[in-house]
Amino acid sequence: VQLAESGGGLVQPGGSLRLSCAASGSIFSIDAMGWYRQAPGKQRELVATITSGGSTNYADSVKGRFTISRDNAKNTVYLQMNSLKPEDTAVYYCNAPGVVVTTGGRYDYWGQGTQVTVSS
């Protein structure tokens, strides 16, 4: 199973970006999916999560600005980021902690990360 992220880049403060993360491989089902981020010199932190049923959870720092969504048919999760701030600069990682594979077993997977830089 692989998680492939896309959509990162450089954006000015106040701008928007949309991240995508597609899961592929021998997948039977995926429960929750989420986004984390890690800024230089800081620990990785939760940004947002979404269950297979669509229930969402956000870090206080992104509430009202970021929106997480998913397409279960495509095993893809999205993160729409609006009103971006310089403090949002980080490497953003996709996570799927409850992937049931077709051969049996439940595993935790991470993407390789995508850089988001907010700067004028």
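This report walks through the core, the disulfide and a few side-chain contacts of a predicted model.

**The nonpolar core**

A good place to start is the largest nonpolar core, which has 31 residues. Within this core, W35, L79, M81 and Y92 touch the most other members. Many strands take part: those giving two or more residues are β3 (17–24), β4 (27–30), β5 (33–38), β6 (45–50), β8 (66–71), β9 (76–81), β10 (90–101) and β12 (114–118). The biggest share comes from β10, which gives 6 residues. As background, nonpolar side chains tend to be buried together in soluble globular proteins.

M81 is worth a look on your screen. Leaving out residues up to four places away in sequence, M81 touches G15, S16, L17, L19, R65, F66, Y92 and V116. Among these partners is Y92, itself one of the core members with the most contacts to other members.

**The disulfide**

How many disulfides does the model hold? The count is 1, and the link joins C21 to C94 with the sulfur atoms 2.1 Å apart. The two cysteines come from distant parts of the chain, 73 residues apart, with C21 in strand β3 and C94 in strand β10. The angle about the S-S bond is -80 degrees, making the link left-handed. Are C21 and C94 buried or exposed? Both are buried.

**Two buried threonines**

C21 also turns up among the neighbours of T76, a residue in strand β9. Apart from residues within four places in sequence, T76 is in contact with C21, A22, S69, R70 and D71. Why does T76 count as buried? Its relative accessibility is 8%, and the cut-off for buried is under 20%. The side chain of T76 also reaches the backbone oxygen of K74, at 2.9 Å.

T114, in strand β12, is buried as well, with a relative accessible area of 11%. A polar atom of the T114 side chain lies 3.4 Å from the backbone nitrogen of G8. Beyond residues within four places in sequence, the contacts of T114 are E5, G8, L19, A90, V91 and Y92.

**Q38 and its surroundings**

Q38 belongs to strand β5. At 28% relative accessibility, this glutamine counts as partly exposed. Which residues does Q38 contact, leaving aside those within four places in sequence? They are Q43, R44, A90, V91 and Y93. Q38 and Y93 are 55 residues apart in sequence, while their C-alpha atoms are 8.1 Å apart in space. A polar atom of the Q38 side chain lies 3.1 Å from the backbone oxygen of K42.

**Rings and charges**

R44 and Y93, both in contact with Q38, also pair with each other: the charged end of R44 sits over the ring of Y93. R18 and Y78 form another such arrangement. The table sets out the distances.

| Charged end | Ring | Distance to ring centre |
|---|---|---|
| R18 | Y78 | 4.1 Å |
| R44 | Y93 | 3.8 Å |

Rings also meet rings here, in 2 aromatic pairs. One of them joins Y107 and Y109, whose ring centres are 6.3 Å apart; the planes are at 55 degrees, so this pair is tilted. Y107 itself is partly exposed, at 40% relative accessibility.

Methods
Residues numbered from 1 in each chain as written. Predicted model: local features only at pLDDT ≥ 70, side-chain atom pairs only at ≥ 80, totals over all residues. Heavy atoms only, no water. Core = buried A, V, L, I, M, F, W, Y, C linked by side-chain atoms within 4.5 Å. Buried < 20%, exposed > 50% of the residue type's maximum accessible area, 1.4 Å probe, protein only. Helix = DSSP H or I, 4+ residues; strand = E, 2+ residues; numbered from the N terminus. Contact = heavy atoms within 4.5 Å. Disulfide = S-S within 2.5 Å. Polar contact = N/O pair within 3.5 Å; in protein donor to acceptor, adjacent residues only side chain to side chain. Phe/Tyr/Trp six-rings, centres within 6.5 Å; stacked < 30°, edge-to-face > 60°. Lys NZ or Arg CZ within 6 Å of the ring centre and 35° of its normal.
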